[in-house]
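Here is a short tour to read alongside the coordinates. Keep the viewer open and follow the residues as they come up.

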Amino acid sequence: MTAQRPVVPGFFPDPSICRVDDAYYLACSSFEYAPGLPVFRSTDLRSWEQIGNALDRPSQLSVAGAVSSGGIFAPTLRHHAGRFWLITTNMSDPQGHLLVTADDPAGPWSEPVFFPEAPGIDPDLSWDEDGSCYLTWAGFADGQPLGVVQAVVDPTTGAVLSEPRQLWQGTGGKFPEGPHIYRIGDLWYQLIAEGGTERGHAVTIARGPSPSGPFEPCPWNPVLTTRGTDSPVQNAGHADLVQRPDGSWALVYHGVRVRGSSPQWHVLGRETFAADVTWEDGWPRVTEPIEPPPVGLVSESLSGPELPPSWVSPGRFPGEVLHPAEGGRRLTADDAAEPVFVGRRQQHLHAGVRADVRVEDGAGGLELRIDPRHALRLEADGERVRAVVRIGSITSVLGEAATGPDVTLELRAEPSTGHVWSTESGPDDLVAGVVTAGRLVELGRLDGRYLSTEVAGGMTGRVLGVWCSAGEVLLRSFEYTGADDPSELRRS
């Protein structure tokens with residue numbers, strides 16, 4: 001049985017893991033959002049804390065002009081020769097894969113080394129006994145995928161030192177990608193994702209005598225998949241292996257929690273899950289799920305002068321547009337074509353955000369988004385608040401109310417009210433309103449499927465935050481509440 005509860009909830013996909021002594025470290029892709037490459041720490045594989053972002057400054061990361069689901073793709077995190085190595089691909093930067101290193105995974109991380117001669121995505125680094133460094137990745141040529149390829153590289157300069165060669169391409173699923181190479185005992189293993197990162201996603205593995213093979217496949221491939229099952233967690237794939245101090249093994253992977261009537265929808269993006277691994281005849285077998293302890297209601301308020309590392313912004317760093325100010329934080333519109341947005345991921349199946357804002361000379365408010373074209377926002381201009389939804393090319397005002405410049409706004413993701421056996425049952429209902437005398441006055445309601453990945457496309461999940469399209473918005477307070485059990489929200 002696959003895990004039902006993620007160890008890192010919310011849109012934190014493509015997990016890569018390594019262990020140093022008794023601590024585990026995890027990095028995930030971040031796409032068009034900055035800062036990039038969130039880094040987590042755990043001592044038990046169940047409970048994780050974000051300790052920073054590896055790409056935390058503009059000199060390391062450019063996502064200006066990044067399209068939705070562009071930017072930073074899948075990383076590989078490794079510890080070698082006393083240092084942490086983290087390699088990824090910025091699809092918004094023509095310089096290709098980028099590698100940063102650090103003595104402490106909490107940072108600071110180095111300026112990047114680029115690999116312009118290795119076009120593709122999902123890079124992995126591994127080292128042979130003689131010190132040779134192997135770059136393995138999902139290659140491109142003339143814009144077409146080549147499958148899994150490998151070359152010897154110089155990780156200090158980004159130079160490719162050998163002709164790239166094709167490796168094992170999986171069991172026939174589309175898009176063999178996300179490769180990881182390991183030496184375990186006397187053999188080398190190649191772990192990959194295949195089948196696409198949707199319902200056909202799977203994890204497969206092969207082994208051989210060297211980092212370059214030749215590789216023979218595991219007789220019970222795929223070693224992990226949920227395709228064709230009724231599991232509430234689907235799209236399981238893109239895994240990485242880690243060995244515990246006691247010699248046992250585990251695996252992290254991503255999946256999505258689907259809800260609603262057929263064909264079902266997911267709204268939080270691809271989340272990180274984990275499972276135990278045993279070895280049989282020299283092959284891994286995924287066994288029991290690893291899950292965090294159940295938690296009830298989670299409530300987080302934005303406080304202090306520094307933004308938490310979980311706060312991100314698409315196409316820019318949050319600090320470029322959100323600044324400490326008397327009475328809160330001031331979000332200022334810039335000259336970009338799209339409004340500025342700063343926020344944090346939705347990490348629970350049911351969640352809400354409430355913000356006190358002051359809008360005098362501008363327009364902005366709260367927003368729940370998958371991307372700019374699929375969003376529900378509360379728009380305040382100092383005189384009125386409107387609940388506005390955008391679904392692709394369609395924009396509609398759901399409702400409005402007269403207010404002054406000071407207003408409390410609220411967005412909620414609540415259980416779906418559609419009948420469970422009808423097509424009306426979506427993943428959730430989205431509610432937008434203003435808070436007056438401590439009570440929510442609803443301005444609009446929307447079926448949450450319209451802000452799902454199945455509708456919007458792409459590879460991210462929902463983010464909740466504050467936005468501004470003109471002038472400035474003073475954010476006086478911001479509180480996120482979330483729970484997977486909706487009864488917890490009702491009790492709050």
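## Unusual backbone spots

Pro 222 sits in the loop that runs between strand 18 and strand 19 (224-225). The model you are looking at is a predicted one. The bond that leads into this proline deserves a look: Asn 221 and Pro 222 are joined by a cis peptide bond, with omega about -5°. A second cis peptide bond runs from Gly 213 to Pro 214, with omega near 0°. Pro 214 also belongs to a loop, the one between strand 17 (202-208) and strand 18 (216-217). As background, most peptide bonds are trans, and most residues other than glycine have a negative phi.

That brings us to phi. Which strand holds Asn 235? Asn 235 is found in strand 20, and its phi is positive, near 60°, although the residue is not a glycine. His 238 is found in strand 20 too, and this non-glycine residue has a positive phi of about 50°. Are these residues buried or exposed? Asn 235 has a relative accessible area of 3%, under the 20% cut-off, and is therefore buried. His 238 counts as buried as well, at 3% relative accessibility.

## A hairpin

Next, move along the chain to strand 32 (residues 384-391) and strand 33 (residues 394-402), which pair in the antiparallel sense over 8 bridges. One of the bridge pairs is easy to find: Arg 384 has Ala 402 of strand 33 as its partner. The two strands form a hairpin with 2 residues between them. In the turn, Gly 392 has a positive phi of about 65°.

## Two pockets

Rolling a probe the size of a water molecule over the atoms shows where empty space is left. The largest pocket holds about 800 Å³ of space. Its lining is made up of 32 residues, and Pro 9, Trp 48, Glu 300, Gln 347 and His 348 lie nearest the centre. Where does the lining come from in terms of domains? Domain 1 (16-290) and domain 2 (298-483) each contribute at least three residues to the lining of the largest pocket. Strand 5 (49-55), strand 24 (298-301), strand 28 (340-345) and strand 37 (463-483) each supply at least two of its residues, and the largest share, 3 residues, comes from strand 24. By class, the lining of the largest pocket divides into 18 nonpolar, 6 polar and 8 charged residues.

The second largest pocket encloses about 510 Å³ of space. It is lined by 18 residues, and those closest to its centre are Arg 78, His 79, Ile 181, Tyr 182 and Arg 183. Two or more lining residues come from each of strand 1 (16-20), strand 6 (76-80), strand 10 (120-127), strand 15 (177-184) and strand 20 (233-243). Strand 15 gives the largest share, 4 residues. The lining of the second largest pocket has 11 nonpolar, 4 polar and 3 charged residues.

## Salt bridges

Side chains of opposite charge can pair when their charged atoms come close. How many salt bridges does a search of the whole structure find? The search finds 34 salt bridges. Three of them are set out here.

| Salt bridge | Closest N and O atoms |
|---|---|
| Glu 280 and Arg 285 | 3.1 Å |
| Arg 412 and Glu 410 | 2.6 Å |
| Arg 445 and Glu 442 | 3.1 Å |

Their settings can be compared residue by residue. Glu 280 is partly exposed at 33% relative accessibility, and Arg 285 is partly exposed at 30%. In the pair of Arg 412 and Glu 410, Arg 412 is partly exposed at 28%, whereas Glu 410 is buried at 8%. Arg 445 has a relative accessible area of 38% and Glu 442 has 41%; because partly exposed covers the range between 20% and 50%, Arg 445 and Glu 442 fall in that class.

A salt-bridge network links Arg 354, Glu 410, Arg 412, Glu 414, Asp 429, Glu 442 and Arg 445.

## One last stop

Finally, turn to Arg 165, in strand 14 (residues 165-166). Arg 165 is partly exposed, at 44% relative accessibility. The C-alpha atom of Arg 165 is separated by 8.5 Å from that of Val 148, a residue 17 residues apart from it along the chain.

Key. Residues are numbered from 1 along each chain as its sequence is written. This is a predicted model: local features need pLDDT of at least 70, side-chain atom pairs count only at pLDDT 80 or more; totals for chains, interfaces and linings use all residues. Side-chain values use heavy atoms; hydrogens and water are left out. Two strands pair if DSSP finds at least two bridges between them. On a 1 Å grid over the protein atoms alone, a cavity is a set of points where a 1.4 Å probe fits but cannot get out, and a pocket is an open set with protein on both sides within 12 Å along at least five of seven lines; lining residues have an atom within 4 Å of a point. Grid points are joined across faces, edges and corners, and a volume is the space filled by probe spheres set on the points. Ala, Val, Leu, Ile, Met, Phe, Trp, Tyr, Cys and Pro count as nonpolar, Asp, Glu, Lys and Arg as charged, and the others, Gly among them, as polar. Domain bounds come from an automatic or database domain assignment. A salt bridge is a side-chain nitrogen of Lys or Arg within 4 Å of a carboxyl oxygen of Asp or Glu. Buried means under 20% relative accessible area, exposed over 50%, partly exposed in between (1.4 Å probe, protein chains only).
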